[in-house]
Amino acid sequence: MTGPVEYSLFGAIEACVDGAPAALGGPKQRCVLAVLLAERGTVVSVDRLTDALWYDEPPAKGLVSLRSYVSNLRRCLTAAGTDAPVTRLETLPLGYRLTLLGEDRLDLATFEHLVDEGRAALGRDDAELGLDKLTTALRLWRGRPFGEFADHEFAHAEVLRYSVLRRLAIESRFDAALRLGGGSELIPEIEAALANDPVHEKLWGHLMLVLFRTGRGPDALGAFERARDALDREVGAPPGDELRALYRKISDNSTELLLERPSPAPLVVTGPDARRPALVGRAVELEALTDSVTRAHAGSGGLIVVTGESGIGKTAVADAVSGRAGEAGLTVAWAAHPTGIRVPQLWIWIQILRRLGDEFGDAGRNAVRHKAPGVIDALVPEWHTGAAATPGPAATGFPLFEGIVTALAELAALRPLLLVIDDLHLADAASGSALLLLTARIARLPIQIVCTWTYFGSGRPVNRQLYERLTGSSEISTVPLRGVDSDAAGELIERLTGAPATPELSQHLWAHARGNPFYIKELVRALAAGEQPGGPAVPDLDAVPDAIAAAVGRRLAVLDKPSRRALAAAAVIGPEFDVATLAGILDSPVQSVRARLRPAYETGLLDEHRERPGVFCFSHGLLRDAVLVRIPVAERTATHAAIASDRAAALPTSPYEEAIAAADHAWRAGTEINTHAALEIHETVIQRALARSAYADIVALAEHALQICRRLPAKPELLERQSSLWLHLAGARGILHGQTSATALAAVQRAFELGEQIDGRDFYGAAAMRCMMLCARGRLDEAEVIANGLRARYGASNDPAAGVASHFVDIMTTALRGDRDDMLARAQRMLETFPPPETVGDPTHFFHPRVYCWMGLMEALRGDRAAAEECCRMSLELARTRGDVFNILAARLTFVEVYAVLGVTEGTAGAAAAVFEELTAAGGGQWAACAKVVEVWARVLTGDHTDPAAAFASFEAITEDGSTVMAPFFLALLADIETRRHRTAEALGLLARAQGIADTTGEHAWDPLLSARIAGLRRVATHE
């Protein structure tokens, strides 16, 4: 017998055979071993190994060299003096397979197993075992997985996966140590971990907690400030809710942090599930989900997202845990998304409320009707049938989302809930927003949510934007599902066939399906139907070595080379494609291309749109993925380049989504496309996005375009284009992330730096935008210094761009200082001297509309309503004639702010609510919060039923990034709300805070409003 082999892939590629180091040869030979170990148990094709060794340029005798490497490795992996044939490394018709035998060990697999065991132990509240397992796992980490080959394409996904596992292991190990009473000895270790991962909020929380528990409260608070600085610097985001809550508890010297909370009683399951699980190979995941249900039953809910590729068993796991929850006394409600059917907005919550209404009956429906009537009118109006209550106005926007949360809280008070949302990635944006709001409060509610989310492949969630919004919250955890192990596969095959499978058949099906239960089922059905392509015993699926292609390999194998090439190009185009477009890319007649696609259509790989002749789509996303992963990198990038080049000429008039796709193809083409052409494509599409105010698209396009710029020489004309791109990026980030967010400030700074080298319109636009951000943070003195410089440049050069920029900044600072008459005179001079730009692509396009807005506010402060309204109308008209969507919304926001300045409440709430909805839809959350404050102010003052807390929450949203501009004005409105509620002391406190901000920043524009309110409240206080 040959001795056991211990493989090491952490840090370096090494192996020990029977305890003795093996001579693995040079880099190429070690690379072969690395690829085989990455795909252990699976046949790796010669093409795959050739690509890994030589990319797309193998030497003339590459195959001979590869055979030599394999032969050498086979000898290396056999202990000296053994005569028995070695079956570790097999040569098969289409490739090679390396199998771990008996006592063979791979450090990557051991690491993953230990991490899973450690985290499972923590889930069972066995912190001692968890600490031991996780410590042992982390000792195995001696460097990046796959060592010198970590940056090779074959290793990329696994390197990323193991890096995430290590991050989880570090976090969980400290969690275990803290549960066991770990103290000051942990501080150096946590600090070292944070030095490598400064944005890991869980680690910052661990550090704050251990500092607090060891009597270093001030240092714990200082750690929070360090965390906030690191997050702002690295990602431009504030600390999450969990870290802020910990900060508040430490600030209050909460003894809760010093006490061990008793864990809730374990969930006892009775019935069939207690005897045998409803699915195979998912014990660890099911246990983790069951623990979460236990915590929800005890009053502390959460949200878990079960992720994985299609067919991996996400819905089956959710179904199993829902069965356990039902047995334990929770009320379970499911929501799903049918394919091919258009469903109404907020369909998730309509389904859940309907099911819960049926479960709880009149008691539940009446509880919701009392607390959140607008939700019933908006989502489940049928609840009014037979009820005494009459329908009222349906809630919309944020009040509707709040109402959904309130309704679920009321129902959960009757009985704990488990909500299962299947295929959450298909949800509409409104459903996602409501879910985020619920998640922020769920830790204090007996509600557990389990969602399923499909991945296209490793690291590629469907609907990435919504996924990142959700998983960015510290209240949300994920349970990734990978393939089941070989024993579970054997059990699954036995259940499907009614008889145990032979070990050879079970191992073969498991290896080629890579543990995907859906693939295993499909292969078993093919065997049962007598369709196995490789003989009566074992289906020959070696022609499809990539795991994701296992289930469709048989259909792909029947296609000839021209059909496969056409299908590959179609897959690169996207999920659907036009045959004429594909023909242009392949440089072939349309009829010829259609003929090549016919076999793929007949085998079920493609479908044709019935209402769009000539347009095909892949019949399932998995099938397109199966084709994509088989395309060599060079062929894929060349196809991206061909697609982008083919679409470039039509970009100004093509449908917007096609323009966005063309830019994405140009970016993915890399060096295969002319760099100037790729940049021009992005610049053209950015103009399209600007016209639609599609700010998320602008951010992605500008970032990609700036990456492309790196491949071009630093000539003056390129610097000007780069400066313009940075300006577009700054503007879009400012709207999406906040006017003074770190990401927006960084983009403005870069545009400013480039603009200084070239001067010109982009530079002056960057200078003005920088001044806007300085003013937003109350740094008026700094903005005025820049304004003086711009004024000097205008005097020296008479450049209109310098002149309009200097006037714009002067007007803004003068307005904020409170010099109304001077500001209005300056504004009039600017409007008479400098005509507004004609397009939104001009970096100064926002100057004139914003100046009219400031004029409107100043006229309102003078008490001239007619003049104020006229200025707002001028701003609105100017923005409309240029198709400037965001400045249209800015003008409408100024209208309602003007009415608030004037004290006009009639009609203001409705107008502000409409502006709030539209700004929210446009992604301008900070601007939308301004409208919400005005809306709540108007509703409170007119006696409408509303929640004043919404105004205070919105003010926090306005100022959370450090913005102070107009803060005194909004604080004055909040003071009005408190005055209306007969809370005089609180109102005076808010006004004092507003005066403090004005004195600190020099923003005295609102002093008359503040003085009048303070005087009035003091008179009231005197009479009282």
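Helix α39 passes helix α41 in a left-handed crossing, and this predicted model is described here beginning with that pair of helices. The contact draws on Phe886, Ala890, Leu893, Val896, Glu897, Tyr899 and Ala900 from α39, and on Trp927, Cys930, Ala931, Val934 and Trp937 from α41. Sorted by class, the contact of α39 with α41 comprises 11 nonpolar residues, no polar residues and one charged residue. Helix α39 covers residues 885–902 and helix α41 covers residues 925–941, and the two pack at an angle of about 30° with their axes 10 Å apart. Because angles under 35 degrees count as roughly parallel, α39 is roughly parallel to α41.

Following α39 is a loop that leads to α40 (908–921), and Glu906 is found in this loop between the two helices. The C-alpha atom of Glu906 is separated by 7.8 Å from that of Thr942, although the two residues are 36 residues apart along the chain.

Two further loop residues, Asp423 and His982, have a positive phi without being glycine: phi is near 55° in Asp423 and about 60° in His982. Asp423 lies between β10 (417–421) and α17 (429–441), while His982 is found between α43 (967–980) and α44 (984–1001). Another loop, the one between α36 (820–833) and α37 (847–861), holds Thr844. Not counting residues up to four places away in sequence, Thr844 touches Arg761, Gly765 and Pro837.

The table sets out the relative accessibility of these four loop residues.

| Residue | Relative accessibility | Class |
|---|---|---|
| Glu906 | 75% | exposed |
| His982 | 72% | exposed |
| Asp423 | 21% | partly exposed |
| Thr844 | 1% | buried |

The class of Thr844 follows from a cut-off: buried means under 20% relative accessible area, and Thr844 is therefore buried, with a value of 1%.

The interior of the model can be described through its nonpolar cores. In soluble globular proteins, nonpolar side chains tend to be buried together. Here the largest nonpolar core has 145 residues, and those with the most contacts inside it are Phe808, Met823, Met855, Met858, Phe969, Phe970 and Trp1006. Of these, Phe808 touches Ala768, Met772, Met830, Phe846, Phe847, Arg850 and Val851, again not counting residues up to four places away in sequence. A second core, separate from the largest one, has 51 residues, including Tyr69, Leu114, Val115 and Ala169.

Key. Residues numbered from 1 in each chain as written. Predicted model: local features only at pLDDT ≥ 70, side-chain atom pairs only at ≥ 80, totals over all residues. Heavy atoms only, no water. Axes fitted to C-alpha atoms, helices over the stretch in contact; angles between N-to-C directions. Helix = DSSP H or I, 4+ residues; strand = E, 2+ residues; numbered from the N terminus. Parallel < 35°, antiparallel > 145°, perpendicular 65-115°, else oblique. Left-handed = near helix turned anticlockwise from the far one by under 90°. Contact = heavy atoms within 4.5 Å. Nonpolar A, V, L, I, M, F, W, Y, C, P; charged D, E, K, R; others polar. Buried < 20%, exposed > 50% of the residue type's maximum accessible area, 1.4 Å probe, protein only. Core = buried A, V, L, I, M, F, W, Y, C linked by side-chain atoms within 4.5 Å.
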